[in-house]
Amino acid sequence: MKTKLKLIALGFFILFVGPSSLAVKPFQSGERVVFFGDSITHYGKWWPNIWCGYAAQFTNNSPLFFNAGFSGDRASRALSRLDRDVFSKNPDTVCVMFGMNDVGRPSYTVENSAADQAAQKVALETYRDSMDQLLKRITEKGIRCIVVTPSPYDQTMVNPNVRELNPGYNDGLVTAARIATELAQKYTCDVVDFHEPMTRMNAEKQANDPSATIIGLDRIHPGNEGSKIMAELFLEAQGIDPAGLEKTDRFTNIWEHVGLERNLRNIVWLEDNVLKPNHIDSEDIETAKTFLTEKYTPRGADSQRIASYLEWRGKEDVLCRKLKEIESRFSQ
């Protein structure tokens, strides 16, 4: 009964968002779908949960989903990796979600000075220009594009363990969501809105418990609950029954694929963001390993990324074979 009521509530939120979130054509059997974004995609569970929802609907030959998330990325930087991370996967559809890093979080301060406001404006203008270029490059290749508005920044949680607040940052994301929707219309892309319904759901949750959140204590990255909500919103927008999300643990092939593929993303991330800036030849694997383990101070998710590097760098062909084996199971 609780699940049924939850789905009714989700349906209400989606209806409230507007027609753009309702006319999203579902993925087809065997379709190749790339999820292109920042750390919320790189490490997020929302899109693998969507895959689980589809796997529950397809007894064989379900769509194949691929990770093109890159921790810390912005739409402006993502332009440089379109060929490597997106087009190389021969996608039929690309789902694009940027914004969380684009809006310029450090410029949202208690003072909100004139300099802060000027920086906020520049960041949003850059986001618009970069998203415009991204959507243009994707759609001009004849690839279907779904624009996903950024998930919220939780600026209302009252919790002693929460990360320091950047006041007003979620309001900047409101503008980013509007920009993304406008550009989607310009390039005739479908839209799935996460920002508005998730902000509303979070407010309802906090009305009963101000310390609660559907995002996370860092105010940015949705945890298990938030990821399930994102997946449900996406599936409902496509008219796909999200019932399969209730038992995602049974889709072991999907989670194995996600974990293996994430190792490849972690290796590339370290080469781009750590090794190259420190003038370490990415082909000199032993020197790179020594640097990462003895000279580099890990930050954020670096420990996870370094673990991927130490285990799999130089054995990417093995990873790719394992991924192909798993993908073949979905086409049977």
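**Cavity, pockets and secondary structure of the predicted model**

One cavity of 30 Å³ or more is counted, where a cavity is a set of points, on a 1 Å grid over the protein atoms alone, at which a 1.4 Å probe fits but cannot get out. Volume here is the space filled by probe spheres set on the grid points, with points joined across faces, edges and corners. The structure is a predicted model, in which local features need pLDDT of at least 70 and side-chain atom pairs count only at pLDDT 80 or more, while totals for chains, interfaces and linings use all residues. Residues are numbered from 1 along each chain as its sequence is written, and side-chain values use heavy atoms, with hydrogens and water left out.

The largest cavity holds about 30 Å³ of space. Its lining, made of residues with an atom within 4 Å of a point, consists of Asp38, Ile40, Met97, Phe98, Gly99, Met100, Pro150 and Ser151. By class, five of these are nonpolar, two polar and one charged; Ala, Val, Leu, Ile, Met, Phe, Trp, Tyr, Cys and Pro count as nonpolar, Asp, Glu, Lys and Arg as charged, and the others, Gly among them, as polar.

Pockets, by contrast, are open sets of points with protein on both sides within 12 Å along at least five of seven lines. About 600 Å³ of space lies in the largest pocket. Of its 26 lining residues, Ser71, Gly72, Asn101, Arg105 and His221 lie nearest the centre. Helix H10 (252-275) and helix H12 (302-312) each contribute at least two residues to this lining; helices (H or I, at least four residues) and strands (E, at least two) are DSSP runs numbered from the N terminus. The lining of the largest pocket comprises nine nonpolar, nine polar and eight charged residues.

The second largest pocket encloses about 450 Å³. It is lined by 20 residues, and Lys89, Glu261, Leu264, Cys320 and Leu323 are the closest to its centre. Two or more lining residues come from each of strand S2, helix H5 (82-86), H10 and helix H13 (316-330), with H10 giving the largest share, seven residues. In this second largest pocket the lining divides into 11 charged, six nonpolar and three polar residues.

Strand S2 itself is mostly covered, as six of its six residues are buried, that is, under 20% relative accessible area (exposed is over 50%, partly exposed in between; 1.4 Å probe, protein chains only). In a regular strand the side chains alternate between the two faces of the sheet. In S2, Leu64, Phe66 and Ala68 point one way and Phe65, Asn67 and Gly69 the other, all of them buried. S2 pairs with strand S1 (residues 32-37) in the parallel sense over six bridges, where pairing requires that DSSP finds at least two bridges between two strands. Within this pair, Phe35 stands opposite Asn67.

Asp73 follows in the loop between S2 (64-69) and helix H4 (75-78). Asp73 counts as buried because its relative accessibility is 3%. Leaving out residues up to four places away in sequence, Asp73 touches Gly37, Asp38, Ala78, Arg81, Phe98, Asn101 and Asp102, a contact being heavy atoms within 4.5 Å. Thr93, in strand S3, is also classed as buried, because its relative accessibility is 0%. Its contacts, under the same sequence exclusion, are Phe27, Glu31, Arg32, Val33, Val34, Ile143, Arg144 and Ile146.

Among the helices, H6 (residues 114-139) has 26 residues and reaches 38 Å from its first C-alpha to its last, close to the 38 Å expected at 1.5 Å a residue; the expected span is 1.5 Å times one less than the number of residues. Buried positions in H6 include Asp116, Gln120, Ala123, Leu124 and Tyr127. The buried residues of H6 pack against S1, H4, H5, strand S3 (93-97), strand S4 (144-148) and H7. Helix H8 (residues 195-208) has 14 residues and reaches 21 Å, close to the 20 Å expected, and its buried residues are His195, Pro197, Met198, Met201, Asn202 and Gln206.

Two further residues lie in or beside H7. Arg178 is found in helix H7 (residues 169-186) and counts as partly exposed because its relative accessibility is 45%. The C-alpha atoms of Arg178 and Val158, 20 residues apart along the chain, are separated by 27 Å. Thr188 is placed in the loop between H7 and strand S5 (190-192), and is exposed, with a relative accessible area of 74%. Thr188 and Thr139 are 49 residues apart along the chain, and their C-alpha atoms are separated by 8.8 Å.
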